[in-house]
Amino acid sequence: AAGQQVGITQSAVTAPKRVLEKQLGVLLFDRSGRSAVLNAAGRHALPLAEQMLALYGQMALPPGAGDCVGELRVGAIATLQTGLLAEALPRFRQLAPRVELKLVPGVSLQLFSQLDAGELDLALLIKPPFALPKEILEVPLAREPFVLVAPLHVEGDDPLRLLAEQPFVRYDRTSFGGRQVSRFLREQRLMVHEALELDELEAIVRLVENGMGVSLVPRAGLWLQRPTRLRVIELGALTFHRELVALLRRAQRQPALDCLLNCLESIN
């Protein structure tokens, strides 16, 4: 009857049943002729077997974020570490207290390479200016407008004129954000007088404050949270944006990663 119920032959039921009794060293059935009835040992084993089957079934269910354990390797550019990520992590810690986060700093291109090599579970960076491999999932996070920053003593509100006349502190042209600045300058046909080129936004802002020149930077970073000694000039109709995204491998999606992404997206 058991074989008919699960669609297998009687021998396919009987053989493993006898193997189980042999392994346990106890008879589970009282046999009489063609019938077999659970004896006391069988009745004792039945609820334990049901527990084992229930646990086996739970193995196929995805755990919630609160049940997750282990390590998440998250790479992030500096402004995301001190901004969006710093705001999201307290909530994530509440929801997934047993997940250990390892934060890896870096520039966007470096973080993308580490994600592609399997060294990171999640990369928070500037949207790459090229097509992503199919196995990489992109999640939009934020858009930051670029502005012109100038020393206090520099007069004038025309961003194009200031860029043409003043020394220029360039956002590293090899970085994803710096490539956007270079494209803007080409589109406006501007020839700038470069004073210095670097990738760290906080350092660029400090150099501008100290009179090194003007610069094009995204409205992002810790400098927005402190008193500054510079002028911030909007680009108006010429405004372009830096897009921030989260990248992960589609095959690596898991509840802890989804939880962190939800925390990041909820900030905006």
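This note concerns the packing of helices α5 and α10 and the cysteines Cys259 and Cys263 in a predicted model.

1. Helix α5, which spans residues 84-95, and helix α10, which spans residues 255-267, have axes that come within 8 Å and cross at roughly 130°. The arrangement of α5 relative to α10 is therefore oblique, and the crossing in which α5 passes α10 is right-handed.

2. On the α5 side, the residues that meet α10 are Leu84, Leu85, Glu87, Ala88, Leu89, Arg91, Phe92 and Leu95. Their counterparts in α10 are Ala256, Cys259, Leu260, Cys263, Leu264 and Ile267. Sorted by class, the contact of α5 with α10 comprises 12 nonpolar residues and two charged residues, with no polar residue.

3. Cys259 and Cys263, both listed among the α10 residues that meet α5, deserve a separate comment. The count of disulfides in the model is zero, taking a disulfide as a pair of cysteine sulfur atoms within 2.5 Å. Cys259 is in no disulfide, and the nearest cysteine sulfur to its own, that of Cys263, is 4.4 Å away. Cys263 is likewise in no disulfide, its nearest cysteine sulfur being that of Cys259, at 4.4 Å. Because a disulfide requires the two sulfur atoms to be within 2.5 Å, the 4.4 Å between Cys259 and Cys263 does not qualify.

4. As to accessibility, Cys259 has a relative accessible area of 7% and is buried, while Cys263, at 3% relative accessibility, also counts as buried. Both values fall under the 20% cut-off for a buried residue.

Technical notes
Residues are numbered from 1 along each chain as its sequence is written. This is a predicted model: local features need pLDDT of at least 70, side-chain atom pairs count only at pLDDT 80 or more; totals for chains, interfaces and linings use all residues. Side-chain values use heavy atoms; hydrogens and water are left out. Axes are lines fitted to C-alpha atoms, for helices over the stretch in contact, and angles run from 0 to 180 degrees between N-to-C directions. Helices (H or I, at least four residues) and strands (E, at least two) are DSSP runs, numbered from the N terminus. Angles under 35 degrees count as roughly parallel, over 145 as roughly antiparallel, 65 to 115 as roughly perpendicular and the rest as oblique. A crossing is left-handed if the near helix is turned anticlockwise from the far one by less than a right angle, and right-handed if clockwise. Contact means heavy atoms within 4.5 Å. Ala, Val, Leu, Ile, Met, Phe, Trp, Tyr, Cys and Pro count as nonpolar, Asp, Glu, Lys and Arg as charged, and the others, Gly among them, as polar. Buried means under 20% relative accessible area, exposed over 50%, partly exposed in between (1.4 Å probe, protein chains only).
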